Amino acid sequence: MSTPLSELPIRRLTTDDLTSCADLSEDRGWPREEHKWGLLLTAGAGYGIDDPEGKGLVTACVVTSYGPELAAIGMVLVAERYARRGVGRRMMQHVVYEAGDTPLTLHATPYGQPLYEQLGFVDVGRAELVRGHLRAPEPAPVARVTTRPATAEDLPAIVGLDTEVFGLDRTHMITRLPAFADQLRVAEEDGVLTGYAAAWPNMQTHVVGPLIARDTETAKTLVASLAAGTDRPLRTDIDVRHEALIAWLKEHGLETVAFNTVMTYGVPALPGDWTRRFAPLSVAAG
């Protein structure tokens, strides 16, 4: 007799499960995203339920911890054949229980948001996903912002700025960017770092994230410099409060694909300085 779905054990995932996670993404019509799965399973804690018939995973998700003050939930997926049978709810309840007193955050699709609301997550913002080839903007008469490729010597300053803006130390993620991203660039003025951004490969696109900048002009210059270094379309999730940047991106070729709701559990708002935080590293990791 087969084990009831509600009694199948939830286990920790490892990088050995990367192919199964990518298969699960594909099963639900998402891109396989092996590169992103690899980062999340290495830097975070993955959870999954094995299909009792040996057909991969029933469900999976990944939690990226930033210490006792916040953890990000992402890649919450349920195989199509097990959809609408309470599996996603059980996985989320397990993750919330495992987190204990640690506040949680996630980016919710319209499909998943009702479940998260039922579990006690609250809406604290929105992100607009835009995608496309950035048409080169006209250069400013006098360039106020300069950017350049980041070097190993820049990492301490990048981590310091990121901690200040993100509000928590995510050294374990940021120090992986040189290997994870195809481009990592910094903006500076008078030798002081004023922003940084990465572009990492995700299927046919380059995802821009994180995007940390002193102001909108700095953010624009960083995005333009990343676009100049790739033939792929860009994809990024911009906090909707950054209206000027979103308008500029649309004026130069990117189009809105979707909106996600930023949600939290156990904390009324995200830490850090949203005015300088334009885009997350990934919606799965914050």
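In which sense do S5 and strand S12 pair, and over how many bridges? In this predicted model, S5 and S12 (residues 255–265) run antiparallel to each other, with five bridges between them. One of the contacts along the way puts Leu106 opposite its bridge partner in S12, Met263.

S5 has another neighbour in S4, and here the two strands are parallel, joined by three bridges. Ala72 is the residue that stands opposite Thr105 of S5. Add helix H3 (residues 87–99) to S4 and S5, and the result is a right-handed β-α-β unit.

As for solvent, S5 (residues 104–108) is mostly covered, with five of its five residues buried. Leu104, Leu106 and Ala108 point one way from the strand, while Thr105 and His107 point the other way; all are buried.

Now to the rings. Four aromatic pairs turn up in the structure. Take Tyr66 and Phe166: these two meet edge-to-face, 5.1 Å centre to centre and with 70° between the planes. Tyr66 sits in the loop between strand S3 (57–65) and strand S4 (71–78), whereas Phe166 belongs to helix H5 (residues 155–166), so the pair ties together parts that are 100 residues apart in sequence. Both Tyr66 and Phe166 are buried. Elsewhere, ring pairs link Tyr116, Phe121 and Tyr265 into a cluster.

Arginines get in on the act too. Arg126 lies over the face of Phe259, at 4.3 Å from the ring centre, and Arg241 lies over the face of Trp274, at 4.2 Å from the centre of that ring.

Terms used: Residues numbered from 1 in each chain as written. Predicted model: local features only at pLDDT ≥ 70, side-chain atom pairs only at ≥ 80, totals over all residues. Heavy atoms only, no water. Phe/Tyr/Trp six-rings, centres within 6.5 Å; stacked < 30°, edge-to-face > 60°. Helix = DSSP H or I, 4+ residues; strand = E, 2+ residues; numbered from the N terminus. Buried < 20%, exposed > 50% of the residue type's maximum accessible area, 1.4 Å probe, protein only. Lys NZ or Arg CZ within 6 Å of the ring centre and 35° of its normal. Pairing = 2+ DSSP bridges. Right-handed = clockwise from strand over helix to strand, strands pointing away.
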